[in-house]
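Visitor: Could you take me through one part of this structure in detail? I would like to begin with its charged contact and then follow the sheet outward from there.

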Amino acid sequence: MSQISRRFRKWTADKLDLPNDLVFNLPRLTLIGGKQLYIENHRGVKHFSPELLHLKLSEGYLEVTGSELVIQAIMPDEIVVEGVISDIKYRGAGEK
């Protein structure tokens, strides 16, 4: 995203009092008791197993680790994961 585009989006978000996750397409995570994770604004599943989930984001990816992980629902930009969630990591575009 260019510097001008970023500034315009920030200005728009500030003036219209919009949340940054909506304007900048940032992920929104809701964790319920370490058993259920609701993620909005993802760009697809990169890898899934009962112990690990990698989700593509607009910039970088999200790594969820745990045990007995199950995808309960998946929509174009939302996903619900259940199981024993032990760790959630955000990796930026340049990180491994």
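Guide: Asp 87 and Lys 89 form a salt bridge in this predicted model, and the closest N and O atoms of the pair are 3.7 Å apart. A search of the whole structure finds one salt bridge. Asp 87 has a relative accessible area of 30%, and because buried means under 20% and exposed over 50%, it counts as partly exposed. Lys 89, at 32% relative accessibility, is likewise partly exposed.

The setting of this contact is strand S6, which covers residues 78–91. Strand S6 runs antiparallel to strand S2 (residues 36–40), and five bridges join the two. One of the pairings can be named: Glu 40 has Glu 78 in S6 as its bridge partner.

From strand S2 one can move on to strand S1, since S1 and S2 also pair in the antiparallel sense, over five bridges. These two strands form a hairpin with three residues between them, and Gly 33 in the turn has a positive phi of about 60°. Leu 31 has its place in strand S1 and stands opposite Leu 37 in S2. With a relative accessible area of 46%, Leu 31 is partly exposed. Together with Leu 29 and Ile 88, Leu 31 makes a nonpolar surface patch of about 220 Å².

Seen as a whole, the sheet is an open one of six strands, in the order S1-S2-S6-S5-S4-S3, with antiparallel pairing. Strand S1 (28–32) and strand S3 (44–48) stand at the edges with a single partner strand each, so one side of each is left without a neighbour in the sheet. From one strand to the next, the twist averages 40°. As background to these pairings, strands of a sheet are held in register with one another through backbone hydrogen bonds, either parallel or antiparallel.

At the S3 edge, four bridges join S3 to strand S4 (residues 52–56), and the two run antiparallel. Strands S3 and S4 form a hairpin with three residues between them, and within this pair Phe 48 stands opposite Leu 53 in S4. Leu 55 also lies in strand S4; its relative accessibility is 0%, so Leu 55 counts as buried, the limit for that being under 20%. The C-alpha atoms of Leu 55 and Gly 44 are separated by 5.8 Å, although the two residues are eleven apart along the chain. Across the 96 residues of the protein, buried residues make up 31%.

The sheet does not account for every element, as the protein has two helices as well as six strands, and read along the sequence these follow the pattern α-α-β-β-β-β-β-β. Confidence varies among the elements: strand S5 (residues 61–74) has the highest mean pLDDT, 96, whereas helix H2 (residues 20–23) has the lowest, 55. For the protein, the mean pLDDT is 85, and 77% of its residues reach 70 or more. Where pLDDT is low, the predicted coordinates should not be read in detail.

Methods: Residues are numbered from 1 along each chain as its sequence is written. This is a predicted model: local features need pLDDT of at least 70, side-chain atom pairs count only at pLDDT 80 or more; totals for chains, interfaces and linings use all residues. Side-chain values use heavy atoms; hydrogens and water are left out. Two strands pair if DSSP finds at least two bridges between them. Axes are lines fitted to C-alpha atoms, for helices over the stretch in contact, and angles run from 0 to 180 degrees between N-to-C directions. Patches are made of residues with over 30% relative accessible area and no salt bridge: like charges are joined within 9 Å, nonpolar side chains (Val, Leu, Ile, Met, Phe, Trp, Tyr) within 5 Å. Accessible areas come from the Shrake-Rupley method with a 1.4 Å probe; for residues, only the protein chains shown count as cover. A salt bridge is a side-chain nitrogen of Lys or Arg within 4 Å of a carboxyl oxygen of Asp or Glu. Buried means under 20% relative accessible area, exposed over 50%, partly exposed in between (1.4 Å probe, protein chains only). pLDDT is the predictor's confidence in each residue, from 0 to 100.
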